[in-house]
Amino acid sequence: MRKYVIIGPQGSGKGTQAKRMTEDLDIVHISVGDILRWNVSHYTKLGAQVRRLMARGELVGDDLVQSVIASRMSRHDWNHGFVVDGFPRNGAQAEFFLESYDLDGVINLDMPDDELKRRVLARRLCSQCGLDYNLIDSRPRREDRCDACGGKLVTREDDTPEALDARLREYREKTQPVIDIFSRKEFVVTIDARAGIDEVQADIRRKLGLPLRDADDAEAATDGTDGTDTTDGTNGTKTPGRTRGTAHTSDDDDDGSDD
Ligand code: AMP
């Protein structure tokens, strides 16, 4: 079984990297942010409780997110493992998590604030099917429209400069100490998240001793490089880093979005 937590500030690519890990490793991506957003967009009672805090970029209460994570984990659909994204985000949540689950590793994505801001403010999400875009390196063919379904592209409610500043402040104050707690008990790998999506994924896998994806293996073998920036700005990947976002069809599908 492979059990990981991925930690990193908003915009560092946690969701994208977590999802890449699930593509071939048969592990489940569990994102607390996605579960909460699903509830907000489906007007559930839980959604009503968290909506305003989320829109302001503030953390929601520990009891609430702890019960969300406990209930999600209790589905036990993770026979081969999981990668938990967005939890824990403070010391109390870390202690709670460590009491209940053991881990094989913690992935710490590191990125400076100015690069995070540049990336987050360029994020777009299809309001219909939830596909993620980024105006920097995975632009839609038609401006404001989803390539897949033609839905309107929108900005996440909490991707404003004000909310982003609040989230980064919270991250530095509350989430960074989680790394220290984990470092005492768990195997923490720190990854430079500024590189391209493929390279970051390969770095995560190398440091955790996981098999490389076939595509990354082949790329490294043919060009002899590490797959970083190419002239088209897509970081050497032919497939832009798009992933399904928050437009879920049922609450059985509430864990499939981005960071
Ligand atoms: P994320 O998608 O991980 O960026 O999370 C989006 C928002 O959901 C955060 O800004 C918080 O408002 C809330 N949230 C997600 N995970 C947690 C958590 N572990 N603790 C508290 N709030 C959270």
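Hi everyone, this is a short walk through two helices, a ligand shell and a few strands.

A quick note before we start: this is a predicted model, where local features need pLDDT of at least 70, side-chain atom pairs count only at pLDDT 80 or more, and totals for chains, interfaces and linings use all residues. Residues are numbered from 1 along each chain as its sequence is written.

Let's begin with the helices, which are DSSP runs of H or I with at least four residues, numbered from the N terminus, as are strands, runs of E with at least two. The axes of α2 (residues 32-41) and α3 (residues 45-55) come within 8 Å and cross at roughly 110°. Axes here are lines fitted to C-alpha atoms, for helices over the stretch in contact, and angles run from 0 to 180 degrees between N-to-C directions. The two helices are therefore roughly perpendicular, a label for 65 to 115 degrees.

Now the ligand: 18 residues surround it, and the closest are Val 32, Gly 33, Leu 59, Gly 86 and Arg 89. To be near, a residue needs its C-beta atom, placed from the backbone, within 6 Å of the molecule. Helix α2 returns here, giving the largest share of the shell, three residues.

Finally, the strands. β5 (residues 123-126) pairs with β6 (residues 132-134) in the antiparallel sense over three bridges; pairing takes at least two bridges found by DSSP. Arg 124 of β5 has Tyr 133 as its bridge partner in β6. The two strands form a hairpin with five residues between them, and Gly 130 in the turn has a positive phi of about 85°. β5 also runs antiparallel to β7 (residues 153-154), joined by two bridges, with Cys 126 opposite Leu 153.

How values were computed: Angles under 35 degrees count as roughly parallel, over 145 as roughly antiparallel, 65 to 115 as roughly perpendicular and the rest as oblique.
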